[in-house]
Amino acid sequence: MNPDNAVAKTDLPQILTLDSAVSLSEAVISAYQDNYYSFNTSPWFIDIDNRFRIFMYNGTRYIAKKARPDKAADEVEKSQNAHNFIDGEIVAGIKFKVIVPKIIAVDADTTYMISEYVGTDMNEMSSYRLVKPLLDAHGYVEIMQFLIKRGITHPGFLPRNIVENGDVMYLFDWEDATFDANLTPADFDRLWYTNFILNWSYLFSRDELESNINALISTSRFLTEPDLVRYERTFRDLIDFKGSTFEMRNLIEQVVFKAEMPVDDIKDESHLHPNDIGHLFADVYFSELDVLNDMSSSLLRTKNKLLYSAIVKLVTQIITLIRKNDLKNIDYYCMVVVLALLSPEDYSANHYESVANQKDLKDICAHLINLNQNSIISLFLTIKLQTTEIDALVRDAVIGATGFKPLENSSQIEKITVFISSLQKEKDE
Ligand SMILES: Nc1ncnc2c1ncn2[C@@H]1O[C@H](COP(=O)(O)OP(=O)(O)O)[C@@H](O)[C@H]1O
Ligand SMILES: [Mg+2]
């Protein structure tokens with residue numbers, strides 16, 4: 001790719017037009033032959049595995065998502081179900097449209113799910129660009145209740161899976177939904193509730209959301225708690241927790257809320273939001289590191305909000321620069337942020353802010369080393385970080401955030417330690 005294209009990609013999002021293809025299938029396949037038109041303009045959505053494409057074909061804009069055939073079939077089936085249950089219905093003055101992607105099979109391991117691109121998602125519109133949502137908190141909670149009454153549980157009913165356009169609400173990403181017309185009136189389970197409040201709290205205050213939910217829930221009968229999901233099991237194993245699922249969820253909720261709720265002391269809206277940083281790290285790394293990031297963020301936000309905000313600015317700049325570089329070495333550069341969260345006091349907030357002003361990844365690294373040669377980050381960048389040091393840092397973060405001590409021979413801690421240690425040697429220029 002030439003450098004002019006690199007600039008065009010981020011500054012002037014263009015759209016790939018594939019009118020010469022003889023069919024939509026052919027258009028999709030050719031869209032994936034070039035990296036240039038990957039979906040890379042959203043402030044929050046980072047396509048780590050290079051799965052998405054946006055293109056124009058015969059006057060219509062499409063978005064394609066690469067998936068394993070079984071996963072794609074399952075998601076399409078659920079979307080079709082949702083379509084049958086609620087498409088065209090009107091609630092709170094808003095008309096629902098359910099996006100049902102088409103499947104284009106390529107080979108035994110790959111399919112493309114393709115749908116019409118219906119506009120910018122609500123996470124970008126309302127929490128980054130600050131465009132007023134169509135409804136107030138009450139309206140979205142009412143929609144959630146409507147879905148439940150229809151027998152649909154849709155944990156993916158979150159701003160990132162919604163596009164609002166006129167008085168139409170497009171809903172997609174039904175992969176975690178369940179459908180049961182006989183579902184007796186019931187409400188959220190705890191896991192779902194936490195996720196709902198956390199994600200919508202970027203648009204409305206938590207108090208507002210909770211009071212609306214409390215006013216609307218029909219019987220205050222919660223759905224049966226599902227088994228622990230992978231993130232929660234990893235969390236449990238890291239701290240060797242022996243209590244019930246319910247107690248585990250309560251503890252996780254405290255940590256995750258603290259880690260991922262909105263930052264209120266950064267004035268401009270262009271920084272990456274903590275929940276989106278959490279998503280990004282979950283996509284870049286394995287679940288042990290995902291959990292550890294939440295733990296260390298939660299701890300830092302309790303101890304020193306100012307430092308946390310400065311680190312958020314640093315992540316934002318690092319991600320901006322990595323995007324211009326086609327996400328190359330994203331795991332390496334994000335590790336700088338992971339280590340900043342684990343050892344925040346190696347630098348001052350002013351230090352982090354000045355580093356975040358650097359316009360090049362190399363300068364960011366050089367600056368960090370100059371400011372404190374003995375910092376954990378500097379040791380990492382100069383390939384001098386020892387596993388014993390990493391082990392101690394990780395254990396401190398886990399204890400600090402949860403009050404629980406990992407096992408002496410914790411395999412989760414070892415996995416993290418070995419990974420960080422070997423990553424410092426791996427970066428290819
Ligand atoms: N039909 C669509 N129209 C507009 N944007 C879409 C559409 N489908 C997906 N997107 C965008 O792509 C992002 C990821 O798509 P999604 O289907 O939610 O995948 P994932 O399973 O990775 O969450 C969405 O958050 C949204 O920004
Ligand atoms: Mg989604």
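Let me begin with a definition: a residue is near a molecule or strand if its C-beta atom, placed from the backbone, lies within 6 Å of it. What we have is a predicted model, in which local features need pLDDT of at least 70 and side-chain atom pairs count only at pLDDT 80 or more, while totals for chains, interfaces and linings use all residues. Residues are numbered from 1 along each chain as its sequence is written, and chains are lettered from A and ligands numbered from 1 in the order in which they are written.

Around ligand 1 there are 16 residues, of which Ser115, Val118, Asp121, Arg160 and Asp173 come nearest. Two elements, strand S3 (60–67) and strand S7 (110–116), give two or more residues each to this shell, where strands (E, at least two residues) and helices (H or I, at least four) are DSSP runs numbered from the N terminus. By class, the shell holds 7 nonpolar, 4 polar and 5 charged residues, with Ala, Val, Leu, Ile, Met, Phe, Trp, Tyr, Cys and Pro counted as nonpolar, Asp, Glu, Lys and Arg as charged, and the others, Gly among them, as polar.

Turning to a hairpin, strand S9 (residues 162–165) runs antiparallel to strand S10 (residues 168–171) and is joined to it by 4 bridges, two strands being paired if DSSP finds at least two bridges between them. Asparagine 165 stands opposite valine 168 in S10, and of the 2 residues between the strands of this hairpin, glycine 166 in the turn has a positive phi of about 60°.
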